[in-house]
Amino acid sequence: MKQNNGQTPNNENLRVVIRVRPPMAREIRDGKFISTVQVAPDNLQLCIFDYHAIELVPDEDLEQYVSNPSNYTLHQFTFDYVYDQDSTQEQVYNTTAALSVDSTLQGYNSTIIAYGQTGTGKTYTMHGFSFNPNSDQLGIIPRSLHNIFNHIQMKSNSSTTFMVRASYLQIYNENISDLLRDSASLNIREDKKRGVFVENLSEWAVRGPAEIYQLMRKGNAKRVTASTRMNDTSSRSHAVFIITVEQIEEKPEGKSAKVGKLNLVDLAGSERVRVTGATGQRLEESKKINQSLSALGNVIAALTENRGSKPHIPYRDSKITRLLEDSLGGNCKTTFMAMISPAIDAFGESLSTLKFANRAKTIKNTPIVNQDGDQGALLRKYQQEIQKLKSELEERSKQPLENLVNELEKEKQKALEDKQEAQSAYEQRSKDLFKETELRKQLEEKISALNSQMLVGGQKIEETPQFQSALEKQQRLIRQQYQEKLTELEKERQSIEEDKAQTDKYKQLLLKQRDIMIALTNRLNDRDETILQLQEELDVYEKLQKENEDQLHSQQIRLEQFEELFLENKIDIPLVLQNQKQFNKEKVVDIQNDLQIQKLESIPVQTLHTNQQVQSDALISYELKNQIEINKQIQFDLKLTRTELERSKNEIEQLKKKQNTEQGTLIENARKSVDKILELLTSEQSEQSLGNVAKELNQLQRMLKQGIQPSRTHVKGQYSFSKSTSDSPNKIMLINKQNDSMAKSTGQLVKLMQMKPQPKQNQSPVLGSKLKQKQKSVEDLWNQI
Ligand code: ADP
Ligand code: MG
């Protein structure tokens with residue numbers, strides 16, 4: 001058996017107690033549980049059995065195996081108190097925690113630290129999992145507070161005043177957070193008056209049991225939320241519930257103030273310590289996992305090592321050791337509660353915990369009652385305030401009520417006046433404020449305008465907000481101006497486009513007019529040419545007529561010769577010749593009597609001067625007969641030709657005259673009109689002048705249209721020449737020739753007179769194609785207009 005209790009547990013300021021929790025369901029096999037821990041009946045000693053290679057023993061042999069002392073090594077420890085697995089919450093509180101609470105009420109700093117492997121009952125012992133004040137599951141925290149309130153109640157008399165406050169914090173991953181209020185990470189501070197404290201940690205005044213549970217619920221809920229989020233944080237975080245009790249006692253010799261603090265610490269699972277305790281590498285790892293528990297071990301080690309007079313204690317290595325600085329070797333009455341599991345599985349952890357606790361026993365604390373004047377500062381401050389208010393009340397109470405009412409009335413009146421005054425002042429202020437705001441705005445704009453032009457050290461000018469805003473403003477302005485300019489330009493462009501279109505239109509019209517003029521001039525030239533041609537043809541006719549007349553004349557002479565010949569030969573002048581004479585006179589030949597001719601023909605040649613003569617006479621007579629026929633026809637033709645010629649001449653004359661006058665005026669008018677248009681176009685253009693141009697153009701167009709259209713449509717019918725039955729080739733030839741030329745001239749005339757000629761059947765192919773060209777050009781012009 002190993003004895004580990006070197007000292008008697010007589011250290012009042014540092015008590016170490018052990019609590020063995022009952023086995024859990026998972027630790028019981030087949031309804032049997034083999035405990036490695038055994039608590040002595042005096043509740044001061046504890047044995048832990050180190051079974052050798054128990055893991056190799058079959059379940060059925062276990063019972064026999066554990067009862068054989070040769071199979072185990074026994075470790076024995078002595079502590080201030082050892083709670084066996086059947087201990088109750090109440091027992092634990094009464095025999096251990098109550099002492100700490102008493103110390104606190106006496107004005108000491110007290111601390112209860114729950115240490116142990118995860119699942120050994122630290123939280124259960126500290127909190128208990130109940131918020132019912134009557135539950136026997138209640139842990140140390142609610143019981144302590146109940147105890148404090150009971151104490152206050154029992155002690156409550158006018159001589160002592162209490163103030164109880166509570167705080168609740170958590171340290172996880174070296175971050176302190178407030179469990180009763182949302183806060184950022186908190187820091188630990190230290191000053192001479194307050195000692196070590198957590199800065200900005202909320203403190204809640206507690207006035208009754210109901211408020212205790214409220215705070216506990218709030219804090220635990222927060223811890224649970226955090227735990228869920230941080231993956232079982234509760235086993236890796238420390239929770240510290242702090243109860244502060246301030247009290248001022250009035251004694252005959254004067255007031256005495258005391259401040260007691262009770263720290264109830266639920267540490268993180270100690271299994272980390274065992275793991276880290278092993279080797280260097282693991283130690284490093286564990287430091288990372290739970291630096292604070294390692295630091296606690298180191299602090300305790302430093303505190304318990306008897307080296308030199310003043311060893312260095314590494315409190316500052318972690319938040320928890322720093323926070324518990326007073327509790328560990330300082331001004332505090334500390335109770336160290338180590339929880340262990342009795343299960344074989346937890347043997348290693350349990351032994352380690354026990355060794356740790358055993359070591360802690362040697363820590364020397366030097367607690368003192370905190371009854372320095374400043375300690376009860378808050379309560380004192382409150383009391384002073386209350387005193388002041390009380391005396392004020394008393395002062396007021398001395399005055400008669402009526403006076404008070406009067407005074408109140410006066411005050412009310414004054415208040416009303418003040419209110420009105422304030423109202424008008426407020427209005428005035430509002431106005432001023434508005435003005436001021438406006439002014440400021442202006443100034444700000446000015447400043448930003450100026451700033452935009454300045455360079456700011458260490459900052460690019462483009463990055464300054466002033467520059468940016470000025471830039472944006474400028475950009476907006478430019479954009480706006482640009483837009484306006486764009487619309488203006490667009491308008492201008494449109495009007496130019498319109499003007500251009502208008503000018504183009506006029507230009508086109510002028511071009512058309514010019515083309516029409518050219519066409520007209522061409523046509524006039526054509527007409528002149530046609531007239532010349534006609535003139536030529538007329539000359540030909542005249543020549544032809546002359547020839548005919550000459551021929552007629554020679555025939556006449558010949559006829560006279562025949563007469564003379566007949567007379568000389570005493571031949572009756574044939575009727576034909578007589579008639580011929582008449583014809584001679586009348587210039588008409590009419591051969592009526594075929595008999596006469598036959599007679600003439602039957603004249604024997606001998607009867608004539610000579611046979612030859614006779615023969616020749618008969619020939620002559622025959623020829624004469626033919627000649628007469630021809631002459632007759634010629635006479636007739638000639639007459640017709642002459643009349644026609646005369647008529648043609650007249651017509652040409654008339655046409656010429658009319659054309660001259662018509663064309664003259666038309667060209668003159670057209671020229672005037674074009675001049676006018678050009679003048680209007682070159683002059684300053686306005687809507688009215690453009691209108692005038694359009695009007696003028698219309699007129700010109702109409703004028704030209706009239707000029708082009710034929711003034712007469714009167715066309716004489718085709719001349720038809722009666723074809724003589726005579727077979728004389730000469731005659732036929734002549735007639736044909738005359739017919740041709742007449743048709744030609746008539747056709748020409750008709751063509752000339754028709755401005756929109758229709759296709760003719762009797763046109764010569766050359767003239768036809770020419771005409772067709774002309775017709776086409778006129779039609780084109782027409783269509784263009
Ligand atoms: P820890 O806080 O040390 O991790 P808990 O306080 O959460 O452990 O306890 C773990 C479990 O064991 C809980 O269900 C708890 O109710 C139970 N338990 C611990 N100690 C006791 C005890 N003394 N009596 C009854 N149940 C206990
Ligand atoms: Mg816990």
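Which side chains meet in a salt bridge at 3.6 Å, N to O? They are those of R493 and E497, and the legends below place this pair among other views of a predicted model.

**View 1. The whole chain in outline.**
This predicted model has a chain containing 18 helices and 15 strands. The chain has 785 residues, of which 41% count as buried. Among contacts in the chain with a separation of 6 or more, 71% are between residues 24 or more positions apart. A search of the whole structure for salt bridges finds 15, and several of these appear in the views that follow.

**View 2. The salt bridge of R493 and E497 in helix α12.**
Both residues belong to helix α12, which spans residues 465-568. They stand four residues apart, about one turn of the helix, and their side chains meet in a salt bridge of 3.6 Å, N to O. Side chains of opposite charge can pair when their charged atoms come close. R493 has a relative accessible area of 40% and is therefore partly exposed. E497 is likewise assigned to the partly exposed class, because its relative accessible area is 43%.

**View 3. A network of salt bridges that includes R322 and E325.**
Salt bridges with shared partners join E190, R316, R322 and E325 into one network. Within it, the side chains of R322 and E325 meet at 3.0 Å, N to O. R322 counts as buried because its relative accessibility is 10%.

**View 4. The salt bridge between E203 and R165.**
In this pair, the closest N and O atoms are 3.2 Å apart. E203 is located in the loop between β11 (195-198) and β12 (204-205), whereas R165 is in strand β8 (residues 160-172), so the pair ties together parts that are 38 residues apart in sequence. How accessible is each partner, buried or partly exposed? E203 has a relative accessibility of 37% and so counts as partly exposed. R165, at 8% relative accessibility, counts as buried, because the limit for that class is under 20%.

**View 5. The surroundings of F197 in strand β11.**
F197 is found in strand β11. Its relative accessible area is 13%, and F197 is therefore buried. Leaving aside residues up to four places away in sequence, F197 touches N187, I188, R189, E190 and D191. One of these, E190, also belongs to the salt-bridge network of View 3. F197 and L324 are 127 residues apart in sequence, while their C-alpha atoms are 9.7 Å apart in space.

**View 6. The packing of helices α2 and α4.**
Two packed helices are described by the angle between their axes and the distance between the axes. Here helix α2 (residues 89-105) and helix α4 (residues 140-155) pack at an angle of about 55°, and their axes are 9 Å apart. The two helices are therefore oblique to each other, and their crossing is right-handed. On the α2 side, the residues in contact are Q89, E90, V92, Y93, A97, A98, V101 and L105. On the α4 side, they are I140, R143, S144, N147, I148 and H151. The residues of this contact divide into eight nonpolar, four polar and two charged.

Notes. Residues numbered from 1 in each chain as written. Chains lettered and ligands numbered in written order. Predicted model: local features only at pLDDT ≥ 70, side-chain atom pairs only at ≥ 80, totals over all residues. Heavy atoms only, no water. Axes fitted to C-alpha atoms, helices over the stretch in contact; angles between N-to-C directions. Parallel < 35°, antiparallel > 145°, perpendicular 65-115°, else oblique. Left-handed = near helix turned anticlockwise from the far one by under 90°. Contact = heavy atoms within 4.5 Å. Nonpolar A, V, L, I, M, F, W, Y, C, P; charged D, E, K, R; others polar. Salt bridge = Lys/Arg side-chain N within 4 Å of Asp/Glu carboxyl O. Buried < 20%, exposed > 50% of the residue type's maximum accessible area, 1.4 Å probe, protein only.
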